[in-house]
Amino acid sequence: MKKKTTISKVNKETNKQVNRRDFISKTTLLGAGMAAAPLAFAGSNNSMGEEIANNPAYLKGKRMLGTLEVSAIGLGCMSMKSGSYNPPRDKKDMIPVIRGAVDLGVTFFDTAEVYGPFTDEELVGEALAPMRDQVVIASKFGFDFSKGKRAGRNSRPEHIRKAVEGMLKRLRTDRIDLLYLHRLDPNVPVEDVAGTVKELIKEGKALHFGLSEVSPETIRKAHAEQAVSALQSEYSIIQRALENEVIDTCAELGIGFVPWGPVCRGFLGDKFNEYSRFSNDSRLAAVPYFTPEAIKAHMEVLVLVREWARKKNATPAQISLAWLLAQKPNIVPIPGTTKLHHIKENMGALNIQFTDLELNEFRGGLEKISLLGVRSFETALVDQ
C-alpha cells in the first residue's frame with residue numbers, strides 16, 4: 001500500500017528540510033570515529049553485533065573487506081576528472097579534495113580505467129602518491145577501448161594483464177590493493193578471470209580481488225578459484241534489489257560489500273526535488289528512477305529520510321549512509337563528491353547509530369512507499 005504523503009505535504013516539508021552545510025560543524029568524527037551500529041537487515045536473525053563489537057578494526061572506525069582493512073566510508077572518484085555526472089573538474093581543484101579526504105580519515109579510494117577513460121586513475125595516482133602506503137586504492141578492468149571510448153567488454157587473460165600494467169603506471173604504484181572485474185565478459189568464464197587475478201596477486205601486482213554487479217552464482221564460482229574480498233554494486237535506501245541473496249551471500253563467504261550510489265546519485269542528499277529535470281546531454285536523464293514521475297514518487301522516501309535526519313540531528317545524506325552501515329558490518333559505502341565539505345559531512349555518518357527497533361520502524365516506512373524505475377529484485381540473481 002502506498003504511503004499517503006501528498007506532494008503538497010512534500011512542499012511543506014521542504015521548508016523544514018535539513019540543510020547539508022548547517023550540520024557539518026556538528027558532525028566531525030568523535031575520537032577515532034565509531035562506526036554505525038552493526039545491525040543486520042531488519043527482521044533477520046543473523047545479527048553480527050557481537051562479532052563486530054569484538055573486532056579491533058570496528059573500534060577504530062574501520063571495516064573489513066575480506067581480509068582488507070579500510071575506512072568504514074570510502075571515496076568514489078568517478079566523477080572528478082571524467083565528467084561522468086558533472087562537468088570535468090580541474091586537477092588542481094580535485095587533488096586537495098582527495099588529500100583532504102585522507103586527513104578526514106578516508107583510507108579507501110575507488111576508481112577505474114573506464115572513468116574518462118583513464119583520467120580519474122591519473123588523478124588519483126597523482127593525488128595519493130605522497131601518502132601511498134597510508135591508503136587503499138581500488139581500480140577496475142573489463143573493457144576494451146577504441147578512440148578514447150569504451151568499446152565492449154573484454155576480460156581475456158592477456159587483456160587483463162595489459163590493463164593492469166596501464167593501471168600501475170597511471171596510479172603511480174607497484175600494486176593495486178583491490179583489483180575489480182568491472183563487468184562480467186560473457187565470453188570469458190569468471191573462473192578464468194579469477195585465475196588470472198590469482199596469478200597477478202602471486203606476482204604482487206594486485207593484493208585483493210573484487211567483483212562488480214554479478215550474481216550470487218558467479219560470486220561463488222569466482223570465490224572458489226580466488227578469494228573475493230569485495231563485491232561492488234549499486235545499493236541505497238531507494239535501490240535495494242541486492243538484498244535478494246547478494247548481500248547475504250557476501251556475508252556468508254566473508255566478502256565485503258561496497259555500495260556505489262549510496263546517496264542515490266545525490267537524491268538522498270536533498271540535491272533534487274519534484275521539479276528537477278535533466279537536459280538530454282546529462283547522464284542522469286537516462287537513469288530510470290530520475291524520470292519526472294519517479295522523482296515525484298520518491299519524494300516520499302526523501303520526506304522519510306528528512307524525518308530521521310531531524311530525529312538524529314543529522315543531514316539526509318548522513319542518514320542515508322548510516323542506514324547502509326547499519327545493515328551489515330561488512331558494508332563499506334563509497335559516496336562520490338567533488339567537494340571536501342561533503343566528505344566531512346559524509347564521515348559524520350559514522351557517529352549515527354540505529355537501534356533494532358529504529359531499523360524496523362525505518363524499514364516499515366520504506367516498504368509502504370511505491371518505487372519507480374528501480375531494479376527488480378529478480379535482477380540481483382543475474383549478471384549485469
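**Figure 1. Edge strand β11 and its partner in the predicted model.** Strand β11 is mostly covered, with four of its five residues buried. In this predicted model, β11 runs parallel to β10, and five bridges join the two strands. Within this pairing, A230 stands opposite G256 of β11. Strand β11 (256-260) is one of the edge strands of the open sheet, the other being β3 (75-76), and each of them pairs on one side only.

**Figure 2. The open sheet and the helix α8 that packs on it.** The sheet is open and consists of seven strands with parallel pairing, arranged in the order β3-β4-β5-β8-β9-β10-β11. At the β3 edge, this strand runs parallel to β4 (residues 108-110) and is joined to it by two bridges, and L75 stands opposite F109 of β4. Helix α8 (residues 216-225) packs on the sheet, where it touches β9 (209-212) and β10 (228-234). The direction of α8 makes about 165° with that of β9. For orientation within the whole chain, the secondary structure comes to 13 helices and eleven strands.

**Figure 3. Helix α9 and the glycine that follows.** In helix α9 (residues 246-253), the buried residues are V246, I247, T249, C250 and A251. These buried residues pack against helix α8 and against the strands β10 and β11, the two strands that are joined to each other by five bridges. Just after α9, G254 takes a positive phi of about 75°.

**Figure 4. The hairpin of β1 and β2.** Strand β1 (residues 62-65) pairs with strand β2 (residues 68-71) in the antiparallel sense, over four bridges. K62 stands opposite S71 of β2. Two residues lie between the strands of this hairpin, and G66 takes a positive phi near 65°.

**Figure 5. Helix α12 and its packing partners.** Helix α12 spans residues 340-347, and H342, I343, E345, N346 and M347 are buried in it. The partners against which these buried residues pack are strand β3 together with the helices α4 (91-103) and α11 (316-327). Strand β3, one of these partners, is also an edge strand of the open sheet.

**Figure 6. The cavity lined in part by α12.** A search of the whole structure finds one cavity of 30 Å³ or more, and about 40 Å³ of space lies in the largest cavity. The lining of the largest cavity is formed by I73, G74, L75, V106, P335, I343, N346 and M347. Helix α12 provides the largest share of this lining, namely three residues. L75, which is among the lining residues, is the residue that stands opposite F109 in the pairing with β4. Of the lining residues contributed by the helix, I343, N346 and M347 are also among the buried residues of α12.

**Figure 7. The cis peptide bond before P117.** Most residues other than glycine have a negative phi, and most peptide bonds are trans. The peptide bond from G116 to P117, by contrast, is cis, with omega near 0°. P117 has its place in the loop between β4 and α5 (119-128).

**Figure 8. Positive phi values at C264 and R265.** C264 is found in the loop between β11 and α10 (292-312), and R265 lies in the loop between β11 and α10 as well. Although C264 is not a glycine, C264 has a positive phi of about 55°. Phi of R265 is likewise positive, near 55°, in a residue other than glycine. With a relative accessible area of 0%, C264 is buried, because buried means under 20%. R265, with a relative accessible area of 22%, lies above that cut-off and is therefore partly exposed.

**Figure 9. Overview of the protein chain.** The protein chain has 384 residues, of which 57% count as buried. Among its contacts with a separation of 6 or more, 78% are accounted for by residues 24 or more positions apart. The accessible surface of the chain comes to about 15800 Å², and 50% of this surface belongs to carbon and sulfur atoms.

Note on methods:
Residues are numbered from 1 along each chain as its sequence is written. This is a predicted model: local features need pLDDT of at least 70, side-chain atom pairs count only at pLDDT 80 or more; totals for chains, interfaces and linings use all residues. Side-chain values use heavy atoms; hydrogens and water are left out. Two strands pair if DSSP finds at least two bridges between them. Contact means heavy atoms within 4.5 Å. Axes are lines fitted to C-alpha atoms, for helices over the stretch in contact, and angles run from 0 to 180 degrees between N-to-C directions. Buried means under 20% relative accessible area, exposed over 50%, partly exposed in between (1.4 Å probe, protein chains only). Accessible areas come from the Shrake-Rupley method with a 1.4 Å probe; for residues, only the protein chains shown count as cover. On a 1 Å grid over the protein atoms alone, a cavity is a set of points where a 1.4 Å probe fits but cannot get out, and a pocket is an open set with protein on both sides within 12 Å along at least five of seven lines; lining residues have an atom within 4 Å of a point. Grid points are joined across faces, edges and corners, and a volume is the space filled by probe spheres set on the points.
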